[in-house]
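This report describes the central sheet of a predicted model, the packing around it and the surroundings of its ligand. The sequence and structure come first, and the description follows.

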Amino acid sequence: MVGVCGASGTPYAASVIRALLAAGEAVDLVVSRAARLTILDETGISFRDAHWQADLAAWIGDDPDLAGVRYWAAGDFAAGPSSGSYPAKGMLVVPATTGAVAGIALGLSKDLVQRAAAVTLKERRPLVVCVRETPLDGVTLRHLVELDAAGAVVLPASPGFYAGGSTARELVDFVAGRVLDAVGVGHGLYRRWSGELGGARSASADAASTAKPTGTDGPRGA
Ligand SMILES: Cc1cc2nc3c(=O)[nH]c(=O)nc-3n(C[C@H](O)[C@H](O)[C@H](O)COP(=O)(O)O)c2cc1C
């Protein structure tokens with residue numbers, strides 16, 4: 001189950017969904033009302049319940065096979081994921097707003113994202129909360145501690161640079177990869193720490209030198 005909230009960082013959600021589908025995982029998807037604003041703001045796509053397949057394909061790109069996706073409207077409390085008896089392995093809330101963090105920590109269940117997260121916790125299934133906000137105030141920090149105590153993995157959308165990523169896509173994929181690591185889904189989204197300082201940099205340099213024929217693409221002149 002993937003819940004997308006209205007925090008900046010919709011590329012994190014797109015990367016997670018792409019990777020889950022690539023791994024052959026079934027995806028139950030819910031997009032909060034506020035997330036429509038962030039998707040619109042960050043991609044220009046108006047995400048519509050009635051046209052979710054076309055809008056999702058345009059959003060996540062890479063010509064995805066959406067056969068494994070089941071979409072649920074955020075206001076649909078009769079949806080499958082509203083119940084613990086609906087088969088689900090766990091839930092990834094990515095990106096998570098401070099509002100969703102509060103709602104999940106306090107058990108508000110104000111929409112299907114929050115209800116499905118509450119169900120995930122009560123059923124003792126894995127819940128990953130990829131929070132995106134900065135700076136964080138004491139209220140949110142306390143809610144995050146409560147989520148941790150309840151068994152959730154609190155995973156800030158905070159890319160690491162040790163994996164050698166430098167493009168926005170690589171840094172986004174790093175966070176998405178860590179989200180998938182938290183639930184044991186295989187992926188190749190980032191280069192793992194090799195136990196060697198500078199390992200990622202030298203691997204990138206090796207890849208670059210084998211990719212470019214000598215003398216055709218280097219700097220010219222003095
Ligand atoms: C363009 C835009 C960016 C936003 N970015 C964030 C953010 O990074 N983190 C956050 O907690 N809220 C952010 N918000 C505010 C949330 O969308 C708002 O609190 C909303 O009520 C969250 O609802 P949801 O948790 O149901 O998605 C943003 C809002 C907009 C319009």
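## Strand β4 and the sheet around it

Strand β4 is mostly covered, with 6 of its 6 residues buried. This strand, which spans residues 91-96, pairs with β5 in the parallel sense over 4 bridges, while 2 bridges join β4 to β1, again in a parallel arrangement. Both pairings belong to an open sheet of 6 strands, whose order is β3-β2-β1-β4-β5-β6 and whose pairing is parallel. The edge strands of that sheet are β3 (69-72) and β6, each of which pairs on one side only.

Within β4, Leu92 can be followed in both directions, since Val2 stands opposite Leu92, and Leu92 in turn stands opposite Val128 in β5. Strands of a sheet pair through backbone hydrogen bonds, either parallel or antiparallel.

## Strand β5 and its partners

Strand β5 (residues 127-131) is likewise mostly covered, and 5 of its 5 residues are buried. Leu127, Val129 and Val131 point one way from β5, whereas Val128 and Cys130 point the other way, and all of these residues are buried. Towards β6 (residues 153-154), β5 forms 2 bridges, and the two strands run parallel. Together with helix α6 (residues 138-149), which also belongs to the unit, β5 and β6 make a right-handed β-α-β unit.

Val129 has a bridge partner in each of two strands, as the table sets out along with the extent of each pairing.

| Strand pair | Bridges and sense | Bridge partners |
|---|---|---|
| β4 and β5 | 4 bridges, parallel | Val93 and Val129 |
| β5 and β6 | 2 bridges, parallel | Val129 and Val154 |

## The nonpolar core and helix α5

The largest nonpolar core holds 58 residues, and those that touch the most other members are Val16, Val93, Val94, Ala96, Val129 and Cys130. In soluble globular proteins, nonpolar side chains tend to be buried together. Which residues are in contact with Val93, leaving aside its neighbours within four places in sequence? They are Gly3, Cys5, Ala100, Val113, Ala117, Val128, Val129 and Cys130.

Two of the contacts of Val93, namely Val113 and Ala117, are also among the buried residues of helix α5. That helix (residues 112-122) is mostly covered, with 9 of its 11 residues buried. Its buried residues are Leu112, Val113, Gln114, Arg115, Ala116, Ala117, Ala118, Val119 and Thr120, a list that includes Gln114, Arg115 and Thr120 alongside residues such as Leu112 and Val119. What covers the buried residues of α5 includes the strands β1 (2-4), β2 (27-31), β3, β4 and β5, as well as helix α4. Arg124 follows α5, and the phi of Arg124 is positive, near 60 degrees.

## Around the ligand

There are 17 residues around the ligand, of which Gly6, Ala7, Ser32, Ala34 and Thr97 come nearest. The elements that give two or more residues to this shell are α2 (33-43) and α4 (98-106), and α2 gives the most, with 5 residues. By residue class, the shell divides into 6 nonpolar, 7 polar and 4 charged residues. Helix α4 thus appears in two settings, giving residues to the shell around the ligand and also being among the elements that cover the buried residues of α5.

Note on methods:
Residues are numbered from 1 along each chain as its sequence is written. This is a predicted model: local features need pLDDT of at least 70, side-chain atom pairs count only at pLDDT 80 or more; totals for chains, interfaces and linings use all residues. A nonpolar core is a set of buried Ala, Val, Leu, Ile, Met, Phe, Trp, Tyr and Cys residues joined through C-beta atoms within 7 Å. A residue is buried if 20 or more other C-beta atoms lie within 10 Å of its own, exposed if 12 or fewer, and partly exposed in between; C-beta atoms are placed from the backbone. Two residues are in contact if their C-beta atoms, placed from the backbone, lie within 7 Å. Two strands pair if DSSP finds at least two bridges between them. A crossover is right-handed if, with the strands pointing away from the viewer, the path from the first strand over the helix to the second runs clockwise. A residue is near a molecule or strand if its C-beta atom, placed from the backbone, lies within 6 Å of it. Ala, Val, Leu, Ile, Met, Phe, Trp, Tyr, Cys and Pro count as nonpolar, Asp, Glu, Lys and Arg as charged, and the others, Gly among them, as polar.
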